[in-house]
Amino acid sequence: MRIIAGTARGRVFMTPEGQDTRPTLNRVRESLFDMLQFRVPGARVLDLFSGSGALGLEAASRGAHAVVCNDADLKCAALIQTNARRLGLAENISVSALDYRAALDTLARRGEAFDLVLLDAPYGSDFAYIACEMLVERQLLAEGALVAVEHASKAPWQAPTGLRIAKTRCYGECAITICEE
């Protein structure tokens, strides 16, 4: 896969082997960042279900001030760190390998607040919905923050209390829903 835009534009990064992760397709990633283009530079970004790290790496390349990538899989987390170093983005990216609930609790204890949250949880799970509830409850969203949720287009997204849907775009079997407070 390649970084689409920014300082690492066109550079290739490695993705995890096997079928355990589902990297966001280039065209979907490009469309997502087109929707968010003015919100990324200088933003504090959380990529909670990082997998390959494609979303977090793209955000860092496009000028995000700080990106936190988290994936429960240790191999994915190590690969994200390697990719960040290889792409010259390591200064702006921190990586953890925690269950998403533990990651959110840890970030809340640190007093973190994010301008942009990227959620690409496993399709068919309720992880993204629970994560959104936790983001609101633990006050992890900065004023005016956006939450971008990737989900199966066959399963329309229902925003939890505290968030409202701003827009949804479908790309075949995948959809992106942008939520705001």
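Throughout this tour, buried means under 20% relative accessible area, exposed means over 50%, and partly exposed lies in between, with a 1.4 Å probe and protein chains only. The structure is a predicted model, in which local features need pLDDT of at least 70 and side-chain atom pairs count only at pLDDT 80 or more, while totals for chains, interfaces and linings use all residues. Residues are numbered from 1 along each chain as its sequence is written, and side-chain values use heavy atoms, with hydrogens and water left out.

**The whole chain**

Begin with the entire chain in a cartoon view. It contains 5 helices and 7 strands; helices (H or I, at least four residues) and strands (E, at least two) are DSSP runs, numbered from the N terminus. Followed from the N terminus, the order of elements is α-β-α-β-α-β-α-β-α-β-β-β.

Next, display the C-alpha trace, which spans about 40 × 40 × 30 Å along its principal axes. The radius of gyration, taken over C-alpha atoms, is compared with a globule rule of 2.2 Å times the number of residues to the power 0.38. For 181 residues a compact globule would have a value near 16 Å, and the chain agrees with this at 15 Å.

Colour the residues by accessibility: 48% of the 181 residues count as buried. A surface view shows about 8800 Å² exposed, of which carbon and sulfur atoms supply 48%; these areas come from the Shrake-Rupley method with a 1.4 Å probe, and for residues only the protein chains shown count as cover. A contact means heavy atoms within 4.5 Å. Among contacts with a separation of 6 or more, 66% are between residues 24 or more positions apart.

**Helix α2 and its cover**

Select residues 54–61, which form helix α2; 8 of its 8 residues are buried. They are Ala-54, Leu-55, Gly-56, Leu-57, Glu-58, Ala-59, Ala-60 and Ser-61. To see what covers them, add α1, β1 (44–47), β2, α3, β3 (93–96) and β4 (114–119), which are included in the cover. After α2, pick out Gly-63, whose phi is positive, near 100 degrees.

**Arg-29, a partner of Glu-58**

Now select Arg-29 in helix α1 (residues 26–36). Arg-29 is buried, with a relative accessible area of 0%. Show its side chain together with that of Glu-58: a polar contact of 2.8 Å joins the two. A polar contact is a pair of N or O atoms within 3.5 Å; within protein, one must be able to donate a hydrogen and the other to accept it, and residues adjacent in sequence count only if both atoms are side-chain atoms. From C-alpha to C-alpha, Arg-29 and Glu-58 are 8.4 Å apart, with their positions 29 residues apart in sequence.

**Asp-71 and Gly-51**

Move to Asp-71, in the loop between β2 (66–70) and α3 (74–86). Asp-71 is buried, at 13% relative accessible area. Which backbone nitrogen does the side chain of Asp-71 reach at 2.7 Å? The backbone nitrogen belongs to Gly-51. A polar atom of the Asp-71 side chain also lies 3.0 Å from the backbone nitrogen of Asp-73. Not counting residues up to four places away in sequence, Asp-71 touches several others, among them Leu-48, Phe-49, Cys-76, Ser-96 and Leu-98.

Select Gly-51 itself in the loop between β1 and α2. Gly-51 is buried, with a relative accessible area of 9%. The C-alpha atoms of Gly-51 and Val-40 are separated by 20 Å, although these residues are 11 apart along the chain.

**Leu-118 in strand β4**

Centre the view on Leu-118, which lies in strand β4. Leu-118 counts as buried, at 0% relative accessibility. Leaving aside neighbours within four places in sequence, its contacts include Leu-32, Phe-33, Leu-36, Val-45, Leu-55 and Ala-148. The C-alpha atoms of Leu-118 and Phe-49, 69 residues apart along the chain, are separated by 8.0 Å.

**The end of α5 and the loop beyond**

Finally, select Glu-137 in helix α5. Is Glu-137 buried or exposed? Glu-137 counts as exposed, at 57% relative accessibility. Its side chain makes a polar contact of 3.4 Å with the side chain of Arg-138. Add Glu-30, whose C-alpha atom is 30 Å from that of Glu-137, 107 residues apart along the chain.

The last stop is Gln-139, in the loop between α5 (127–137) and β5 (141–152). Gln-139 is exposed, with a relative accessible area of 65%. Although Gln-139 is not a glycine, its phi is positive, about 55 degrees.
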